Amino acid sequence: MQSNTSLKAKAQYANNKVEHIGSFLRALKLKKARYDFADRVIYEETLRQVEDAEIDNLIDIQLDLDCTVMTDGDFRRTWWHFDFLEQLQDIESYKVRDGLKYKDAISKPTDIRVTGKIAWSEEHTSLIHYRYLHKAIEGFATAKYCIPSPTMLLFPHLRNNRFYEDRLDEYIADIGKAYQDAIQALYQEGCRYLQLNDEFWAYLSDEEYRASEISSGMSTDDLAMLGVEILNVALKDKPKDLFVSFHIDRGNFSSSWLYQGNYDFVSEYIFKKLKNIDRFLLEFDTDRAGGFEPISKLKNTEAEVFLGLISSKKEYLESEEDIFQRIDEATQFLPIEQLGLCFQSGFASTEEGNKISYDTQWEKIKLMNKVAKKFWP
C-alpha cells in the first residue's frame with residue numbers, strides 16, 4: 001500500500017480517530033421540498049434555500065458534537081451514487097421495472113446505463129455543492145466530500161454495455177480519466193479530503209456473487225484486478241495534499257443490506273495492490289463482514305483502518321464494553337496507531353434514510369467519541 005500523500009497532509013488527520021461516513025437523516029422539511037420540486041410545486045431556487053438552511057444546521061450540529069471532519073450529509077442527493085454518476089458524460093439514469101432487492105427492502109425502480117464515451121463534465125453539480133460546503137465550514141473544520149468509487153461502474157450490467165462492447169481496456173481508461181478530472185476539479189474548489197464510497201468489493205466478498213460471475217465466464221481474479229486498475233488510474237498523480245479515504249459498504253437502504261462475506265478474498269487486492277488510499281473505513285458491525293484477520297496485510301504500511309463497529313442501521317445503542325473488546329481484538333492484527341473508529345455506513349445513503357431516530361443518530365456519534373477517547377486520548 002503506497003500513497004503519495006505528503007507527511008504534512010497525513011499529520012493533519014493523525015489525531016482524528018473517529019469518522020462518520022457522511023450521510024445523515026433528512027428532516028421532513030427537506031424531504032417535502034425535494035418532493036415538491038420534483039412535482040414542480042416549487043422552483044429550484046426555493047429548494048436550494050431549504051437545502052442550504054438544512055446543511056447549515058447540520059454543520060452546527062456536527063460542530064457541537066466535536067466532529068473535526070464534516071460533510072453536507074448528502075442532503076442534496078436522492079441516491080448516494082446515482083446523483084454523481086448520472087452526471088458523467090454519457091451515463092444516464094432511467095426507470096426500471098423493479099427496484100433493487102435488498103435483504104428486507106426494495107429500492108425505488110431506478111438504475112443507470114452507459115450510452116457513449118464516458119468523460120467528466122464541467123457542468124457537474126458536485127462542484128457547486130462542494131463549493132457551498134467548503135465556504136460554510138472553512139476555518140474551523142475539514143470539509144469531507146463523498147463520491148461513489150469508480151468501481152461502481154464495474155457491475156455486470158454496466159461494464160457489459162453496448163457502446164464499449166469488448167473494449168474493456170478503453171472502458172477502464174475512460175472511467176479512470178473521468179475520475180482524474182473530477183478529483184482535480186474538486187481539488188481546485190478547495191477539497192483536501194475525499195472519500196470514495198464503494199460496494200463493488202463487498203460484491204466480490206460475497207461467495208454467491210463470485211459464483212455468478214464465474215458461471216458467466218468471468219474470472220473473479222481478473223475482475224478484482226480491474227477494480228484495482230480503475231482505482232489506481234483514478235488516483236494516479238493525485239495532489240499530494242489531498243487525503244483519500246475508502247469506504248466499503250455491504251449495501252445500505254432502509255436499514256437493509258445486499259452483500260455478505262468476509263474480506264479474505266478481496267484483501268489481497270485492496271490492501272496490497274491499491275495506491276494512494278490513506279484510510280480504509282470498513283464495515284465490521286456484524287458477522288457478515290467476518291473477522292479482523294485480513295487487516296493484518298496492512299502491517300508496516302502507512303494506511304489506517306477505521307473499524308465500523310457502530311451500526312447506522314439499528315435503533316439500539318451499542319455497548320461500550322463490547323466496542324472496547326472488539327477494538328482490543330483488532331489490535332492483535334494492527335497496532336492501535338493504525339486503527340480508528342467509525343460507523344458501519346451512513347445513516348441515509350438514500351433520501352429515505354434508515355429506520356433509526358434522529359436522537360439515536362446523534363447519540364451514536366457521542367458514543368463513538370466517548371469510546372475513542374479511551375483508546376486515542
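Is Lys 17 buried or exposed? Select Lys 17 to begin the tour: at 9% relative accessibility, Lys 17 counts as buried (buried means under 20% relative accessible area, exposed over 50% and partly exposed in between, using a 1.4 Å probe and protein chains only).

Before moving on, a word on the model. This is a predicted model, in which local features need pLDDT of at least 70 and side-chain atom pairs count only at pLDDT 80 or more, while totals for chains, interfaces and linings use all residues. Residues are numbered from 1 along each chain as its sequence is written, and side-chain values use heavy atoms, with hydrogens and water left out.

**Stop 1: around Lys 17**

Keep Lys 17 selected; its place is the loop between helix H1 (7-13) and strand S1 (18-19). Helices (H or I, at least four residues) and strands (E, at least two) are DSSP runs, numbered from the N terminus. Now add Glu 304, whose side chain is joined to that of Lys 17 by a polar contact of 3.3 Å. A polar contact is a pair of N or O atoms within 3.5 Å; within protein, one must be able to donate a hydrogen and the other to accept it, and residues adjacent in sequence count only if both atoms are side-chain atoms. Next, show the backbone of Leu 339: its oxygen lies 3.1 Å from a polar atom of the Lys 17 side chain. Leaving aside neighbours within four places in sequence, the residues in contact with Lys 17 (heavy atoms within 4.5 Å) include Phe 306, Ile 336, Gly 340 and Trp 376.

**Stop 2: helix H12**

Select residues 320-330, which form helix H12. Which residues of H12 are buried? Colour Ile 323, Phe 324, Ile 327 and Ala 330 to see them. These residues sit on the same side of H12 because they cover an arc of only 125° around the axis, where the arc is that of the directions from the helix axis to the C-beta atoms. An α-helix has 3.6 residues a turn, so residues three or four places apart point the same way.

Turn the view to the face directed away from the buried side, and you will find the exposed residues Glu 321 and Gln 325. To see what covers the buried residues, switch on strand S9 (304-310), strand S10 (339-343) and helix H13 (358-375), which are among the covering elements. At the N-terminal end of H12, zoom in on the cap, Ser 319: one of its side-chain oxygens lies 3.2 Å from the backbone nitrogen of Glu 321.

**Stop 3: H12 against H13**

With H12 and H13 both shown, look at how their axes come within 11 Å and cross at roughly 45°. That angle makes H12 oblique to H13. Axes are lines fitted to C-alpha atoms, for helices over the stretch in contact, and angles run from 0 to 180 degrees between N-to-C directions. Angles under 35 degrees count as roughly parallel, over 145 as roughly antiparallel, 65 to 115 as roughly perpendicular and the rest as oblique. The crossing is right-handed; a crossing is left-handed if the near helix is turned anticlockwise from the far one by less than a right angle, and right-handed if clockwise. For the side chains, try Ile 323, Phe 324 and Ile 327, which are among the H12 residues that meet H13, where Leu 367, Val 371 and Phe 375 are among the partners.

**Stop 4: helices H2 and H3**

Now jump to H2 (residues 28-38) and H3 (residues 44-64), which pack at an angle of about 160° with their axes 10 Å apart. That makes H2 roughly antiparallel to H3, and their crossing is left-handed. Among the residues that meet here are Leu 30, Ala 33 and Phe 37 in H2, and Leu 47 and Val 50 in H3.

**Stop 5: two aspartates and an arginine**

Which value of phi does Asp 66 have? It is near 65°, a positive value in a residue other than glycine. Asp 66 lies in the loop between H3 and S2 and is exposed, with a relative accessible area of 57%. Select Asp 74 next, where phi is also near 65°; this residue is in the loop between S2 and H4 and counts as buried at 8% relative accessibility.

Finish at Arg 77, found in the loop between strand S2 (69-70) and helix H4 (82-85). Arg 77 is buried, with a relative accessible area of 7%, and its side chain makes a polar contact of 3.4 Å with the side chain of Tyr 145. Not counting residues up to four places away in sequence, Arg 77 also touches others, including Arg 26, Arg 34, Asp 83 and Glu 351.
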